[in-house]
Amino acid sequence: MINRAKMRYKVDLSRYMADCDANYVRLMKLFPEMVQGDERKIGIHHVEDSVLTLSVLEQTPYTTLVKLGQKIDHETGQKKNSDESSPWFRLPVLTLRLYHDAKMAEVVWYEGDKRVFPRYEYPNKRMYQRDEKAQWNQFLAEWLAHCLEHGYDVAEPSYGAASQ
């Protein structure tokens, strides 16, 4: 009988690359002027408004480093049920590297300066999952898909797709 708890995690490279490919396509749909622009804000309206911000941190001929974060929009005047400054409720901040020649995007850091590795032994000091990096890229995929479906340009006065 195989002891699965002792087996070393193996990265599913084909799935990982497919997620990165799909994330690149989603990002380019959300921020097509990324090469020329510095920032893009996308609003999301549900119970309360929030704003997703894509900020270009670094631009090279073949790659772009982008910070992605989301904040509750306090300018709408709606009652807020959550406090984003609370230590137990923090919206994640991801740093992504887009590889334009390969048409891939992956999470390289999260929460500012914490590098995400493809594989961790478990248990570990920070209690990361064995596939932590793959999970962050899957989370990014879900976040971007949600923005494509429900997001609107913050510059627009209406709620775009969310109000239709």
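1. Let's start with His-100. This residue is buried, because its relative accessible area is 15%, and the cut-off for buried is under 20%. Keep in mind as you read on that this is a predicted model. Where does His-100 lie? You'll find His-100 in the loop between strand E4 (93-99) and strand E5 (104-110).

2. Now look at what surrounds that histidine. Leaving aside neighbours within four places in sequence, His-100 is in contact with Tyr-24, Gln-59, Tyr-62, Thr-63 and Thr-64. Pick out Thr-64 from that list: the side chains of His-100 and Thr-64 make a polar contact at 2.5 Å.

3. On to the charged residues. Side chains of opposite charge can pair when their charged atoms come close. How many salt bridges does the count come to? The count comes to 2 salt bridges. Let's take them one by one.

4. One salt bridge joins the side chains of Glu-58 and Arg-97, with 2.9 Å from N to O. Glu-58 sits in strand E2 (residues 49-59) and Arg-97 in strand E4, so the pair links distant parts of the chain, 39 residues apart. Is Arg-97 buried or exposed? Arg-97 counts as buried, because its relative accessibility is 15%. Glu-58, at 34% relative accessibility, counts as partly exposed.

5. The other pairing to look at is between the side chains of Glu-106 and Lys-133, which meet in a salt bridge of 3.4 Å, N to O. Here a strand and a helix are involved: Glu-106 lies in strand E5 and Lys-133 in helix H2, so the bridge ties together parts that are 27 residues apart in sequence. Try finding both partners in the 3D view. Glu-106 is buried, with a relative accessibility of 14%, and Lys-133 is buried too, at 8%.

6. Next, the aromatic rings. The count comes to 2 aromatic pairs. In one of them, the rings of Trp-136 and Phe-139 have their centres 5.7 Å apart and their planes at 90°, so this pair is edge-to-face; the label needs an angle over 60 degrees. Why are Trp-136 and Phe-139 separated by about one helical turn? Because they are 3 residues apart in helix H2 (residues 132-150).

7. Phe-139 also pairs with Trp-143. That pair is tilted, with 5.3 Å centre to centre and 40° between the planes. Phe-139 and Trp-143 both lie in helix H2, 4 residues apart, which is about one turn of the helix. Put the ring pairs together and you get a cluster of Trp-136, Phe-139 and Trp-143.

8. How covered are the members of that cluster? Trp-136 counts as buried, because its relative accessibility is 14%. Trp-143 is buried as well, at 10%. Phe-139, which takes part in the pair with Trp-136 and in the pair with Trp-143, counts as partly exposed at 32%.

9. Finally, have a look at the surface. Which residues make the nonpolar surface patch of about 240 Å²? They are Val-11, Leu-13 and Met-17. Val-11 belongs to the segment before helix H1 (13-30). With a relative accessibility of 35%, Val-11 counts as partly exposed, and it can be part of a patch because patch residues need over 30%.

Technical notes:
Residues numbered from 1 in each chain as written. Predicted model: local features only at pLDDT ≥ 70, side-chain atom pairs only at ≥ 80, totals over all residues. Heavy atoms only, no water. Patch = residues over 30% accessible without salt bridge, like charges linked within 9 Å, V, L, I, M, F, W, Y side chains within 5 Å. Areas by Shrake-Rupley, 256 points an atom, 1.4 Å probe, with all protein chains shown as cover. Salt bridge = Lys/Arg side-chain N within 4 Å of Asp/Glu carboxyl O. Helix = DSSP H or I, 4+ residues; strand = E, 2+ residues; numbered from the N terminus. Buried < 20%, exposed > 50% of the residue type's maximum accessible area, 1.4 Å probe, protein only. Phe/Tyr/Trp six-rings, centres within 6.5 Å; stacked < 30°, edge-to-face > 60°. Polar contact = N/O pair within 3.5 Å; in protein donor to acceptor, adjacent residues only side chain to side chain. Contact = heavy atoms within 4.5 Å.
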